[in-house]
Amino acid sequence: MSADLVLLTGISGFIGSHIAHLLLKSGYRVRGTARSTKVSAVQERYKSYGDKVKIVSVDDIIAGSFEEALKDVDAVIHGASPLAGKASAEEMVKAAEEGAVNILRQAEAAGIKNFVQISSVTATRYPGYTYLTDKDWNPMTREEATAEGVPSFVAYSASKALSERAVWDFVEKHPHMEVSSINPVFNYGPFAPEYDIPDASLSAFSTNSILYQLFVPQLPIPYSFEFVDVRDVAAASVAALCAPPTSEVGRKRFLIAAEPWASGKEVYEYISQVRPELESRFTEEAKNSEHAPKHYIDNSRLRDVLHIELTPWKTTVLDAFDSIVAYEKEWKSKGLVPH
């Protein structure tokens, strides 16, 4: 009997590559989607896995056909979605909301019942919040999110909520489907072995770029670091494939955040202790940044249903910085200049 086949959208991304790596380690076969221009490059990264990984082309997530991509698939993990600043507000909302429903609808039509969506804690944030649970929602409408002058991250946050609401609305009409939503804060941590940044583009650091800001004086210092280890997000995504049915545990919406968080100053002090060669690279702003905020994310569903234990923040940031520095050394050896 062959191993279960999982369709993974967004396999080339920071989170997606970790999900793929863990799926393969756990014995699954993986079919990943990528734009046609990236298929061969992404397939090359997984060549050591032979026929356990196949990358297929999907250029239009909003209205394109997933018929071939879904053939013989047992479950779907949907992680493809535009990042803030990578598209206009209208494009971001449309791709997130309509793209999720497009693949979910086609998965249901293909007889696939198991679907995991990578959402965001921003889908739960409401004005004046002090503590967030799986029952909370970002109330922003599509019209508000796409209005002129709306900041990119605000539109991104709304796109996550609108996308997730659309998925749950579909599930209410198709209750035989087992759907889970993974809602992380910012993801930090090492890059997966199959991840690649061949052109020295700092934007490919993804949310690790927030950590990188601690090295760059001209970049703004984040007030605090509300984060989770990217490997924990991957673990939750894979665990959700085997979660108990909704009839037993209720709606499977899982907020996920490290406990506790750390400030830029705390990160600086720890990294300087364990990697003293990096001490001089931290900016003065990082060394004197504010304390981390009080934790306000309810992780109880994550622990009770998926049995995920969270990675300590020191492990996360150390592995992230080691991974960042490794890329810097690789680029330097190839004569590449980060940009």
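Modeller: Before we start, contact means heavy atoms within 4.5 Å. Keep in mind that this is a predicted model.

Biologist: Fine. Leaving aside neighbours within four places in sequence, which residues is Leu306 in contact with?

Modeller: Beyond that sequence window, Leu306 touches Ile182, Phe254 and Arg301, plus four alanines: Ala236, Ala239, Ala240 and Ala243.

Biologist: And which residues have the most contacts inside the largest nonpolar core?

Modeller: Ile182 and Leu306, in a core of 79 residues. Helix α12, spanning residues 313-333, gives the most to this core, with 9 residues. There's also a second, separate core of 24 residues, with Ala100, Phe115, Phe170 and Val179 among them.

Biologist: Now helix pairs. How are two packed helices described?

Modeller: You give the angle between their axes and the distance between the axes. Try α1 (residues 14-25) and α7 (residues 230-239): the angle is about 55°, and the axes lie 9 Å apart. The two helices are therefore oblique to each other, and their crossing is right-handed.

Biologist: Which residues make that contact?

Modeller: From α1, Phe14, Ile15, His18, Ile19, Leu22 and Leu23; from α7, Val230, Arg231, Val233, Ala234, Ala235, Ser237 and Val238. By class, that's 10 nonpolar, 2 polar and 1 charged residues.

Biologist: Why do residues three or four places apart in an α-helix point the same way?

Modeller: An α-helix has 3.6 residues a turn, so that spacing brings you back to the same side. With that in mind, look at α9 (residues 264-274): Gly264, Val267, Tyr268, Tyr270, Ile271 and Ser272 are buried.

Biologist: What covers the buried residues of α9?

Modeller: The cover includes α10 (284-287) and α12.

Methods:
Residues are numbered from 1 along each chain as its sequence is written. This is a predicted model: local features need pLDDT of at least 70, side-chain atom pairs count only at pLDDT 80 or more; totals for chains, interfaces and linings use all residues. Side-chain values use heavy atoms; hydrogens and water are left out. A nonpolar core is a set of buried Ala, Val, Leu, Ile, Met, Phe, Trp, Tyr and Cys residues joined through side-chain atoms within 4.5 Å. Buried means under 20% relative accessible area, exposed over 50%, partly exposed in between (1.4 Å probe, protein chains only). Helices (H or I, at least four residues) and strands (E, at least two) are DSSP runs, numbered from the N terminus. Axes are lines fitted to C-alpha atoms, for helices over the stretch in contact, and angles run from 0 to 180 degrees between N-to-C directions. Angles under 35 degrees count as roughly parallel, over 145 as roughly antiparallel, 65 to 115 as roughly perpendicular and the rest as oblique. A crossing is left-handed if the near helix is turned anticlockwise from the far one by less than a right angle, and right-handed if clockwise. Ala, Val, Leu, Ile, Met, Phe, Trp, Tyr, Cys and Pro count as nonpolar, Asp, Glu, Lys and Arg as charged, and the others, Gly among them, as polar.
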